[in-house]
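Me: I would like to go through the salt bridges in this model. Please keep the answers short.

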Amino acid sequence: MELNEVLRLVRKNIISLAPYSTARDEYKGALGVFLDANENPFENGYNRYPDPRQLELKGIISKFKGVAVENMFIGNGSDEAIDLCYRVFCNPGKDNAVAITPSYGMYRVAADINDVEFREVQLDGEFSFPGKEVLDLCDENTKLVFFCSPNNPSGNSFPMEQMLEFISSFKGIVVVDEAYIDFAEQPSLLTVLPKYKNLIVLQTLSKAYGLAGLRLGLAFADAEIMSIFAKVKYPYNINIAGMERAKELLARDVKSEIELLKSERKRVAAALKEMKCVQRVFPSDANFLLVRVDDARALYDALIQEQVIVRDRSRLKGCEGTLRITIGKPEENDRMLAIVKDWK
Ligand SMILES: *Cc1c(COP(=O)(O)O)cnc(C)c1O
């Protein structure tokens, strides 16, 4: 899609929105006598409002993601970015969004909050990419399509060519949630972002980067879309404490942790496959495994008895009989494996 066609998808009230102008938008210098924002002048580290554009943190993320600062949005978790997709593109009570299921629950919750009709395509037993089925469910009011790759809770990635073919043929916004991309064997769609103006890629610092408690979600898209997100978001959506801690903690190299978790994923999957109560370990490109077992609820309870908490996904359509098990530290995985092995 051309950028001007993409911009036509934006709600009219949002296109014409005059954003809140902060004191810090008007004067950009770092030094000065700041009598502009009614702050308390006595320094305590947090007495000043944060940078609403988060330029310093974006600069750091830009280096390791290889994406320019103007193609980036930072939100209070990915959930803020998901909500903004609806608020920017979907007219309540009129437009709709299409997503796959089983997948991440927030796409529906955010649709419901924004009074946007939410349509779902059930994945098949192998969780394969349902490009044609999704396209069939879209109509002229479909503004957003959500894919999640690697998908939560199935764990698999969708083939890049199939996703790109979809993005080329769909006349709306395609949001691809890559929360688990750092654990994946296939490349991120960030590599092709400049070519697809209707693509929004979501990532997060909550998983591989180990910062779930700081609530920092990322969106990447064309600079025009990102500047619309910037004017719709709460002006100071990311606070100084979170940005400072993120800057410190992102200096740490997480590559070795990711490599260890990937090798643990392989080891745990192989071990689970040998156990008599395990029917199937689904292929995973993420830091968790979806496992089909003989009696998911009973095994879940047995694990809980031993203070090992996993996610019971067995009541989710398409995930019958499954548990979703996060890959932990080697000794944590061993403890889980020992319980599953001895069970029944
Ligand atoms: C964990 C997860 C996220 C991350 O959410 P945050 O709000 O950034 O912590 C996003 N998408 C999916 C599919 C997830 O599983």
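Reply: First, a cut-off. Buried means under 20% relative accessible area, exposed means over 50%, and partly exposed lies in between. Note that this is a predicted model.

Me: Is Glu-244 buried, partly exposed or exposed?
Reply: The relative accessibility of Glu-244 is 40%. Partly exposed covers the range between 20% and 50%. So Glu-244 counts as partly exposed.

Me: Which residue forms a salt bridge with Glu-244?
Reply: The partner sits 3 residues away in helix H10 (residues 240–249), about one helical turn from Glu-244. That partner is buried, at 18% relative accessible area. The closest N and O atoms are 3.2 Å apart. The residue is Lys-247.

Me: What is the N to O distance between Arg-252 and Glu-257?
Reply: Arg-252 is partly exposed at 36% relative accessibility. Glu-257 is partly exposed too, at 35%. Their side chains meet in a salt bridge, and the N to O distance is 2.9 Å.

Me: How many Å separate the closest N and O atoms of Asp-301 and Arg-297?
Reply: The two lie 4 residues apart in helix H12 (residues 296–305), so about one helical turn separates them. Asp-301 is partly exposed at 35%, and Arg-297 is partly exposed at 37%. A salt bridge needs N and O within 4 Å. The pair forms one, at 3.9 Å.

Me: Which residues do salt bridges with shared partners join into one network?
Reply: The structure holds 23 salt bridges. Those that share partners join these residues into one network: Glu-185, Glu-259, Lys-262 and Arg-265.

Key:
Residues are numbered from 1 along each chain as its sequence is written. This is a predicted model: local features need pLDDT of at least 70, side-chain atom pairs count only at pLDDT 80 or more; totals for chains, interfaces and linings use all residues. Side-chain values use heavy atoms; hydrogens and water are left out. Buried means under 20% relative accessible area, exposed over 50%, partly exposed in between (1.4 Å probe, protein chains only).
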